[in-house]
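Here is a short tour of one protein model, written for someone new to reading structures. Take a moment to look at the sequence and the 3D view before reading on.

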Amino acid sequence: MKSLKFFLIIFWLFFIKIFPANSQIIEPCTKVGSLIIVDEKSLGILYETNPQKIIYPASLVKLMTAYLTLEAIKNNKFAEEDEIIFSSRAEEVSNFNKNNTLRIKNNDRIEVLVALKGLIIKSYNETAIALAEK
């Protein structure tokens, strides 16, 4: 837990404080991917490009999901041995990746700690979805 906090602090210092992002959006960079910027107070969409494009969790999203899961366990929101149920969305993500997957189905069950290990060690996208939904 401490090493993850250390990583996040270093990430924050390096990318936010030392090399802050420029708010200018460079059009060629947004043509392939998907982008959405939401105002955190109003939840209104400030900018979007290809919002309908299906994308799957990237490594940084998985790290944040792991961090928030550990935080929820620490704050007694749920326990490591609690069961999570995979949704149809998690099944869809599981079917997309043919090599690195648990091959789960809708309504399959797994313990939070096992899902967290799958997320951190094997980088399973479907566990990121299930933990986020939990």
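## A threonine in a strand

Let's begin with Thr49, which lies in strand β2, residues 45-49. Keep in mind that this is a predicted model. Is Thr49 buried or exposed? Its relative accessible area is 13%, and buried means under 20%, so Thr49 counts as buried.

Thr49 also has some company. Its side chain is joined to the side chain of Tyr47 by a polar contact of 3.1 Å. Then there is Ile36: Thr49 and Ile36 are 13 residues apart in sequence, while their C-alpha atoms are 6.5 Å apart in space.

## Two helices side by side

Now turn to α3, residues 59-74, and helix α5, residues 112-122. How do these two pack? Their axes are 10 Å apart, and the angle between α3 and α5 is about 155°. Angles over 145 degrees count as roughly antiparallel, so that is the description that fits α3 and α5. The crossing in which α3 passes α5 is left-handed.

Which residues meet where α3 and α5 come into contact? From α3 there are Lys62, Thr65, Ala66, Thr69, Leu70 and Ile73, and from α5 there are Val112, Leu116, Leu119 and Ile120. Sorted by class, this contact of α3 with α5 has seven nonpolar residues, two polar ones and one charged one. You can find these residues in the 3D view by picking out the two helices.

## Two asparagines in loops

Our last stop is a pair of asparagines. Asn76 has a positive phi, in a residue other than glycine. The phi of Asn107 is likewise positive, and Asn107 too is a residue other than glycine. Here they are together:

| Residue | Phi | Loop lies between | Relative accessibility |
|---|---|---|---|
| Asn76 | near 60° | α3 (59-74) and β3 (83-85) | 69% |
| Asn107 | near 75° | α4 (88-96) and β4 (109-111) | 49% |

Are these asparagines exposed or partly exposed? Exposed means over 50%, so Asn76, at 69% relative accessibility, counts as exposed. Asn107 has a relative accessible area of 49%, so it is described as partly exposed.

Key
Residues are numbered from 1 along each chain as its sequence is written. This is a predicted model: local features need pLDDT of at least 70, side-chain atom pairs count only at pLDDT 80 or more; totals for chains, interfaces and linings use all residues. Side-chain values use heavy atoms; hydrogens and water are left out. Helices (H or I, at least four residues) and strands (E, at least two) are DSSP runs, numbered from the N terminus. Buried means under 20% relative accessible area, exposed over 50%, partly exposed in between (1.4 Å probe, protein chains only). Axes are lines fitted to C-alpha atoms, for helices over the stretch in contact, and angles run from 0 to 180 degrees between N-to-C directions. Angles under 35 degrees count as roughly parallel, over 145 as roughly antiparallel, 65 to 115 as roughly perpendicular and the rest as oblique. A crossing is left-handed if the near helix is turned anticlockwise from the far one by less than a right angle, and right-handed if clockwise. Contact means heavy atoms within 4.5 Å. Ala, Val, Leu, Ile, Met, Phe, Trp, Tyr, Cys and Pro count as nonpolar, Asp, Glu, Lys and Arg as charged, and the others, Gly among them, as polar. A polar contact is a pair of N or O atoms within 3.5 Å; within protein, one must be able to donate a hydrogen and the other to accept it, and residues adjacent in sequence count only if both atoms are side-chain atoms.
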